[in-house]
Every structure is written in structure tokens, then in C-alpha cells.
Amino acid sequence: LQGQTSAQMKVTLNEYEPGNVVTVPVANYAPAFFHAAVDALDYPGNNVITSANPVARGGVAQLFAHGLGPVNNQPASGSYVTDASATTITTPIVMIGGQQAQVIFSGLAPNFPGEYQINVYVPSNIGTGPQPISISIGGVTSAPSYGPSASAVQVVIPVK
């Protein structure tokens, strides 16, 4: 869909309940985390970052998101990469606890079609506990909260 501004989409449930065809906008960048509890692993342990297992200040977090746009070495549509060769053309800005995190890697996550991975150094001069986190790329910033406005939950990453 690269270069297009919209696409038609139809959702079918349970292989037999077709929905209506709708036209949806297409944008180069629409950065977002998958959940309010950011999908992330610490490095080098590859342990899921949770409130019970927060990432260390100054440590490395592997963040998982979508909407980071075009990549170098673009795989075929619907395919995935098996290595770290499909890097984003534009380096995102990641903010954690109000401080910019140094991006070490930004590209398609190996073995997961359409999923991006961003490896960052967690700023050492931020507080502990749940810290707000955002991604900006191509002039677009991820939402600060997740879910319907009445019950929205702030997007955070636990830090120790």
C-alpha cells in the first residue's frame, strides 16, 4: 500500500460472517504500542518487562510496536525478516519519563510480520516506577493513553 492514501478493507469473522467493505486511510507513519502495558523485553536477559520485573535505568529495553513506516530491505508483503536487516528509514524518537532515550536499533522484528522492534538505552536520570513512554516518527507521535477515552490507561514502562 506504499504511496496510497486509502485502501478498502473487509473483515470476515469465523470464516463465514462477512462485514461491510469500508475505506480506511493509509499513512506512512502511525506509531503505537500494542497495549498500555508496553510490550518490552530487557536485554540481555530477554525477560518481559512488567511491574514485577522493571527495566533498570541505564539498561536496554527492546520495545515492540507498529506503524514505524518504510524500512530498508523491505520483505515481500505478508513475509517477515529473519535478521535485523530491515531497519527503519527514519530513526524514531523514544521518550521515557520525559527524557529522550538513545535508539540503538529500529526495524522490523525478526520472525514477526509487520511488527517493529526498537532497542533503546533507558535514560539513567529518570524516576522509578511506571514511566510514560512515547514514540515519534515522521512527525507523528504515539498516543499517551490506550483505550476508549472514558477508560483510557496511560502508556507506561516500569523502571527501577
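## Exercises on a predicted all-strand model

Gly127 touches Arg57 and Val159, when residues up to four places away in sequence are not counted; contact here means heavy atoms within 4.5 Å. The model is a predicted one, in which local features need pLDDT of at least 70 and side-chain atom pairs count only at pLDDT 80 or more, while totals for chains, interfaces and linings use all residues. Residues are numbered from 1 along each chain as its sequence is written, and side-chain values use heavy atoms, with hydrogens and water left out.

**Exercise 1. Describe the place and exposure of Gly127.**

Solution.
- Step 1: Gly127 is found in the loop between β8 and β9, the latter covering residues 129–137. Strands (E, at least two residues) and helices (H or I, at least four) are DSSP runs, numbered from the N terminus.
- Step 2: Gly127 counts as partly exposed because its relative accessibility is 34%. Buried means under 20% relative accessible area, exposed means over 50%, and partly exposed lies in between (1.4 Å probe, protein chains only).
- Step 3: Between the C-alpha atoms of Gly127 and Phe34 there are 24 Å, and the two residues are 93 residues apart along the chain.

**Exercise 2. Determine the surroundings of Asn119 in β8.**

Solution.
- Step 1: Asn119 belongs to strand β8, residues 116–121.
- Step 2: With a relative accessibility of 14%, Asn119 counts as buried. Strand β8 has 5 of its 6 residues buried, so the strand is largely enclosed by the rest of the structure.
- Step 3: The side chains of Asn119 and Gln117 make a polar contact at 2.9 Å. Such a contact is a pair of N or O atoms within 3.5 Å; within protein, one must be able to donate a hydrogen and the other to accept it, and residues adjacent in sequence count only if both atoms are side-chain atoms.
- Step 4: Apart from neighbours within four places in sequence, Asn119 is in contact with Ala61, Gln62, Gln102, Val103, Ile104 and Phe105.

**Exercise 3. Identify strands that pair with β8 and name a residue pair for each.**

Solution.
- Step 1: β5 pairs with β8 in the antiparallel sense over 6 bridges; two strands pair if DSSP finds at least two bridges between them. Leu63 stands opposite Ile118 of β8.
- Step 2: The pairing of β7 with β8 is antiparallel as well, over 6 bridges. Here Leu108 stands opposite Tyr116.

**Exercise 4. Examine the phi angles of Asn73 and Asn111.**

Solution.
- Step 1: Most residues other than glycine have a negative phi.
- Step 2: Asn73 has a positive phi, near 55°. Its place is in the loop between β5 (60–66) and β6 (93–96), and its relative accessibility of 55% makes Asn73 exposed.
- Step 3: Asn111 likewise has a positive phi, about 75°. Asn111 lies in the loop between β7 (99–108) and β8 and is partly exposed, at 45%.

**Exercise 5. Summarise the protein chain as a whole.**

Solution.
- Step 1: The protein chain has 0 helices and 13 strands.
- Step 2: Its radius of gyration is 17 Å, which agrees with the value near 15 Å for a compact globule of 160 residues. The radius is taken over C-alpha atoms, and the globule rule is 2.2 Å times the number of residues to the power 0.38.
- Step 3: Buried residues make up 35% of the 160 residues.
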